Amino acid sequence: MRTYTRLFDRSLGPGGWVAINRSHWANIERALDRHRGEGARFLLTYGAGHKGPFLRELRQRDDIVLLDVGEFLDGLEGK
């Protein structure tokens, strides 16, 4: 997304890649903060392009344990 960002981000303003990721992350962070310490599980479903930016943010938090959703989906087979 670097090329897209370099070419179009400034002209797209709030619809640009950087702004969209910041907005999405702000929503996620509010939900995480609201449920901090509860042991809640969250499933984030966004387009694959958002994975990198979101993982970078999630890894900076000390209250998050990242799990691979594949393990949970594999456990659903045959149910």
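## Burial and exposed surface

A residue is called buried when its relative accessible area is under 20% and exposed when that area is over 50%, with the range in between described as partly exposed. By this criterion, buried residues account for 16% of the 79 residues in the chain, which is known here from a predicted model.

The surface that the chain exposes comes to about 6,500 Å², and carbon and sulfur atoms contribute 53% of that area.

## Fold and overall dimensions

The chain contains four helices and zero strands, so that its order along the sequence reads α-α-α-α. Its radius of gyration is 15 Å, whereas a compact globule of 79 residues would have a value near 12 Å. Taken along the principal axes, the box filled by the C-alpha atoms is roughly 45 × 30 × 15 Å.

Of the contacts between residues at least 6 apart in sequence, 51% join residues that are at least 24 apart.

## Charge distribution

The chain carries 13 positive and 11 negative charges, and the mean positions of these two groups lie 8 Å apart.

## Serine 11 and its surroundings

Serine 11 belongs to helix α1, which covers residues 2–12. Because its relative accessibility is 64%, serine 11 counts as exposed. A polar atom of the serine 11 side chain lies 3.0 Å from the backbone oxygen of phenylalanine 8.

On a longer scale, serine 11 and arginine 41 are 30 residues apart along the chain, and their C-alpha atoms are separated by 37 Å.

Note on methods: Residues numbered from 1 in each chain as written. Predicted model: local features only at pLDDT ≥ 70, side-chain atom pairs only at ≥ 80, totals over all residues. Heavy atoms only, no water. Helix = DSSP H or I, 4+ residues; strand = E, 2+ residues; numbered from the N terminus. Rg over C-alpha atoms; globule rule 2.2 N^0.38 Å. Buried < 20%, exposed > 50% of the residue type's maximum accessible area, 1.4 Å probe, protein only. Contact = heavy atoms within 4.5 Å. Areas by Shrake-Rupley, 256 points an atom, 1.4 Å probe, with all protein chains shown as cover. Lys, Arg positive; Asp, Glu negative; His and termini not counted. Charge placed at Lys NZ, Arg CZ, Asp CG, Glu CD. Polar contact = N/O pair within 3.5 Å; in protein donor to acceptor, adjacent residues only side chain to side chain.
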